[in-house]
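Below is a short note on the model you sent, set out as numbered points. Please read it alongside the coordinates.

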Amino acid sequence: MSRKTISRIAAVLCILAALGVFFAASRSTHFMMDDLSYATNINPDSPNYGQPVSSVKDIVESQVWHYFNWGGRTVAHVVLQFLLWSGEIGADIFNTIALSLLCVFLVGRKRKLDLWMIVLSFGMMISTNPNWHQSLLWQSATANYLYMMLLCIPFTGLYLRKTACVKDEDKVAGESVSGKGKCPKWLCATGAALGMFVWGVLSGWTNENIGPTVFLITVAVIVFLFKRKIKVPVWMYTGSVGTVIGSAAMILAPGNGVRMEYVEDHGSFIKNMIARASTLITNSETYLFSIFIMLLMVYICYRLLFKKLPSYEVILLGLAAIVSDCAMFLSPHYPDRAGFGSMVFALWAVLKMLAEIFEQSEKSERFKIAMSLFFWAAGVTLLGIYL
């Protein structure tokens with residue numbers, strides 16, 4: 001058996017072990033706190049009020065009331081109520097699949113999957129997470145953060161990959177999202193535009209700091225292509241517009257105004273701004289310190305090795321991590337789990353740079369495996385301690 005085959009088998013075993021431990025941790029975390037109310041029809045005007053969710057109608061009635069009376073994260077709470085409807089075992093299975101897909105999306109490049117990079121992605125997803133217990137195991141937060149990033153990352157990836165192939169004008173200017181030769185060109189373009197618009201609305205309608213950040217990424221990519229006089233596909237414009245509409249629908253929800261009535265007031269406007277700034281700085285240092293330090297260290301290594309700046313997509317992701325974190329200044333409350341999206345953007349940038357570094361020589365393969373095992377062990381140990 002060759003060394004490469006042994007390495008692949010070891011990576012697969014690490015992935016299966018990690019998912020097994022994560023699933024066990026999920027099984028040991030029962031529905032709690034907000035889960036108990038969202039598992040029922042929360043619309044007081046419904047005849048099924050207070051009864052367990054048992055139909056799509058219950059979810060629709062609940063979210064209509066929720067939008068006008070408590071908050072605008074409709075997409076996240078629709079996902080949450082479907083998860084709760086599926087039961088604890090069903091939700092745990094879906095969560096394990098969702099985490100797996102997110103880890104894979106973060107390391108997918110050039111249509112190839114590096115198994116050890118998936119191991120590394122999983123390990124860092126746990127060990128650099130501001131609050132992995134709440135963002136990955138507690139259903140209410142899992143729907144708001146894990147699933148919403150799983151919705152945004154592939155959408156954002158479609159834009160970022162355009163910056164990686166600017167030298168290939170055919171790919172950038174003429175490529176259809178639906179593929180060539182499968183349908184008339186105008187039909188493919190129309191379908192892609194409509195599909196990306198809907199996906200954009202959903203991606204914008206996720207979290208108050210993530211939705212607008214995704215919009216800024218789409219604009220930055222469009223400007224990047226426009227300045228290089230490369231034709232921008234229509235779907236990129238419609239997708240970007242969709243994120244604006246989704247973000248506006250979320251932020252301007254009438255329920256947010258109702259919810260703000262229960263927020264602690266520090267007095268004058270200046271005092272409130274000082275309190276928010278203090279909270280942002282303190283929480284950023286506490287919750288995101290590890291991933292931001294990792295981002296800085298890998299960036300320095302990349303510059304020393306290649307003597308150049310990272311790719312435009314890496315720079316955008318690094319900025320997205322910072323912007324989505326700073327956007328919490330606008331929120332009167334910054335719980336640690338809210339840093340999950342910023343962590344994912346930073347982790348995505350780190351993994352992209354590491355993938356390039358590891359491709360330089362055969363010797364780096366050993367370092368990649370060692371680093372993957374280190375973070376894998378850290379992640380599994382944290383889950384094991386929780387169990």
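1. Crossing of α1 and α19. The model is a predicted one. In it, α1 and α19 cross in a left-handed sense. The two elements are helix α1, residues 3-27, and helix α19, residues 363-386, and they pack with an angle of about 20° and an axis separation of 10 Å. Angles under 35 degrees count as roughly parallel, so α1 is roughly parallel to α19. As background, a pair of packed helices is described by the angle between the axes and the distance between them.

2. Residues at that interface. On the α1 side the contacts are made by R3, S7, C14, A17, A18, V21, F22 and A25. They meet R366, I369, L373, W376, V380, L383, G384 and Y386 of α19.

3. Helix α1 itself. α1 has 25 residues, and its first and last C-alpha atoms are 36 Å apart, close to the 36 Å expected at 1.5 Å a residue. Its buried residues are S7, A11, C14, I15, A18, F22, A25 and S26. These buried residues pack against α19 and also against α5 (87-107), α6 (115-127) and α7 (132-136).

4. Overall make-up. The protein has 19 helices and zero strands. Of its 387 residues, 49% are buried. Taking contacts between residues at least 6 apart in sequence, 78% join residues at least 24 apart.

5. Nonpolar core. The largest nonpolar core comprises 105 residues, and L120, M124, M125, F340 and F345 have the most contacts inside it. The element that gives the most to this core is helix α18 (residues 340-358), with 15 residues. In general, nonpolar side chains of soluble globular proteins tend to be buried together.

6. F340. Which residues does F340 contact, leaving aside neighbours within four places in sequence? They are L102, M125, N129, P130, S135, L136, Y145, L146 and M149. M125 also appears among the core residues with the most contacts.

7. L347. This residue is in helix α18. L347 has a relative accessible area of 0% and is therefore buried, the cut-off being under 20%. Apart from neighbours within four places in sequence, L347 is in contact with L106, S121, M124, M125 and I291. The C-alpha atoms of L347 and M294 are 8.5 Å apart, with their positions 53 residues apart along the chain.

8. Helix α17. Does the span of α17 agree or disagree with what its length predicts? The helix covers residues 312-326, and its 15 residues should span 21 Å at 1.5 Å a residue. The end C-alpha atoms are 21 Å apart, so the two agree. The buried residues of α17 are E313, V314, L316, L317, G318, A320, A321, S324 and D325; this list includes the charged-type names E313 and D325.

9. T213. T213 is found in helix α12 and, at 2% relative accessibility, counts as buried. Setting aside neighbours within four places in sequence, T213 is in contact with A320, V323, S324 and F345. Of these, A320 and S324 are on the list of buried residues of α17, and F345 is one of the core residues with the most contacts.

10. T74. T74 lies in helix α4, residues 74-85. Is T74 buried or exposed? Its relative accessible area is 16%, and the cut-off for buried is under 20%, so T74 is buried. Not counting residues up to four places away in sequence, T74 touches Q63, Y67 and W205. T74 and A253 are 179 residues apart in sequence, and their C-alpha atoms are 9.5 Å apart in space.

11. Positive phi at two lysines. Most residues other than glycine have a negative phi. K229 has a phi near 60°, a positive value. K229 lies in the loop between α12 (210-227) and α13 (234-251), and it is exposed, with a relative accessible area of 79%. K307 likewise has a positive phi, of about 60°, and is not a glycine. K307 is placed in the loop between α16 (289-306) and α17, and its relative accessible area of 67% makes it exposed.

Key. Residues are numbered from 1 along each chain as its sequence is written. This is a predicted model: local features need pLDDT of at least 70, side-chain atom pairs count only at pLDDT 80 or more; totals for chains, interfaces and linings use all residues. Side-chain values use heavy atoms; hydrogens and water are left out. A nonpolar core is a set of buried Ala, Val, Leu, Ile, Met, Phe, Trp, Tyr and Cys residues joined through side-chain atoms within 4.5 Å. Buried means under 20% relative accessible area, exposed over 50%, partly exposed in between (1.4 Å probe, protein chains only). Helices (H or I, at least four residues) and strands (E, at least two) are DSSP runs, numbered from the N terminus. Contact means heavy atoms within 4.5 Å. The expected span of a helix is 1.5 Å times one less than its number of residues. Axes are lines fitted to C-alpha atoms, for helices over the stretch in contact, and angles run from 0 to 180 degrees between N-to-C directions. Angles under 35 degrees count as roughly parallel, over 145 as roughly antiparallel, 65 to 115 as roughly perpendicular and the rest as oblique. A crossing is left-handed if the near helix is turned anticlockwise from the far one by less than a right angle, and right-handed if clockwise.
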